[in-house]
Amino acid sequence: MSNILVGVTGGIACYKTAYLVREFIKKGHNVKVVMTKKAQQFVGHTTFEALSLNEVLRDDYTPAPISHIEHASWADICIIAPATANIIGKINAGIADNELLSTVLALSCPLVIAPAMNTNMYNNITVQENIKSLKNKGVKIINAESGLLACQTTGEGKMAEPSVIAEKVLNILNNKDDELQVENDILQGLNILITAGPRKEYIDPVRYITNKSSGKMGYALAEEAYKMGANVTLISGEVNIKSDLENIEYVTSAEDMYNAFLNHFNNADIIIMAAAVADYTPNHKQESKIKKNDESMQLMLSKTKDILLYAGQNKRLDQILVGFAAETDNMEEYAKSKLMKKNADIIAANDV
Ligand SMILES: Cc1cc2nc3c(=O)[nH]c(=O)nc-3n(C[C@H](O)[C@H](O)[C@H](O)COP(=O)(O)O)c2cc1C
């Protein structure tokens, strides 16, 4: 059980910090919260008091005579989430003009920040320099992600999900961070497109052809790529997997997947095709349920678009294409042949 100090500053992502505090409490840690004045315009301190089971240190209320020093020495780790451009700049400059900043200056434990802001603010050269400078001073940074922002633009600047922040903070506490930090940087800034799960090819409104793919492989790869810092887009069939990943597009048929795939293909640095795409689809999907009249029936199927082949034929030199070959026989031989035929860079051979 550790003492975790959570700093909250004035950004829209403040509401997510309530979940972060819950996450730490659920895992049995002690949590104290320090809020800036601006943060309290987004979420009231009462929420954090109820969740953390402790009084909240803020500019107009200090639970003890010298609360910033007491909080700083109490903490085993301090996480500021969201960290505004303002707080990042001020910490980097050594300013201490509020309770949170004074506490940060007095810390002797690791400091972690999770920046969150509008994309232009995040990419602003001074903000980036401040983040880099803090990193060089030993502050751990949980990078902002890409996604739809509160200002209705899409881009970098979204605060990492509370579960991701909690995991990273606890890893730092348990000294597993150095290893993670190396991993984190490996895929930083890369766009990775991953496909997962089965497809359904409808015969009539109630019947379809599918396969046994669970989607676990694609989802596991997507989660790992995300942890290593990549911007991940996952195109998924219908699966029974819960995921916190932001960019998941659900598709049903091979045709749907082809269309979704085309939207992201050019933008992807790495493409990993772990989905089990149907090779054939019924020639005509019946609009009404087929009735059971004849003793036997024939279903005419035609080939679906070969998405891996398309990717292999159209990929640029700077794109890496990974395919999967799930085989019941001659696994190595078939996988090697698929590697060549589809012009992939890597084929993962899966023994069914
Ligand atoms: C509606 C609204 C949303 C804001 N969202 C953010 C944000 O996500 N990130 C950020 O850096 N600043 C954001 N700001 C600006 C900060 O609130 C402002 O810089 C403030 O001075 C930060 O104070 P603090 O760092 O002491 O909490 C927002 C302002 C408003 C009015």
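Me: Which residues does Ala 114 touch, not counting residues up to four places away in sequence?
Reply: This is a predicted model, in which local features need pLDDT of at least 70, side-chain atom pairs count only at pLDDT 80 or more, and totals for chains, interfaces and linings use all residues. Residues are numbered from 1 along each chain as its sequence is written. Contact requires C-beta atoms, placed from the backbone, within 7 Å. On that basis Ala 114 touches Ile 79, Ile 80, Ala 81, Pro 82, Ala 83, Ile 142, Met 159, Ala 160 and Ile 165.

Me: Which strand gives the most to the largest nonpolar core?
Reply: A nonpolar core is a set of buried Ala, Val, Leu, Ile, Met, Phe, Trp, Tyr and Cys residues joined through C-beta atoms within 7 Å, where buried means 20 or more other C-beta atoms within 10 Å of the residue's own. The largest has 52 residues, and Val 6, Ile 79 and Ala 114 touch the most other members. Strands are DSSP runs of E, at least two residues, numbered from the N terminus. With six residues, the top contributor is β3 (residues 77-83).

Me: How many residues of domain 2 are in contact with domain 1?
Reply: An automatic or database domain assignment sets the bounds, giving domain 1 (3-184) and domain 2 (191-351). Their centres, taken over C-alpha atoms, are separated by 39 Å. Domain 1 brings eight residues to the contact, and domain 2 brings seven.

Me: Which element gives the most to the side of domain 1 that touches domain 2?
Reply: Two elements give two or more residues to that side, α10 (177-186) and β6 (145-148); a helix is a DSSP run of H or I, at least four residues. With three residues, the largest share comes from β6.

Definitions and conventions
Contact = placed C-beta atoms within 7 Å. Buried ≥ 20, exposed ≤ 12 C-beta atoms within 10 Å, placed from the backbone.
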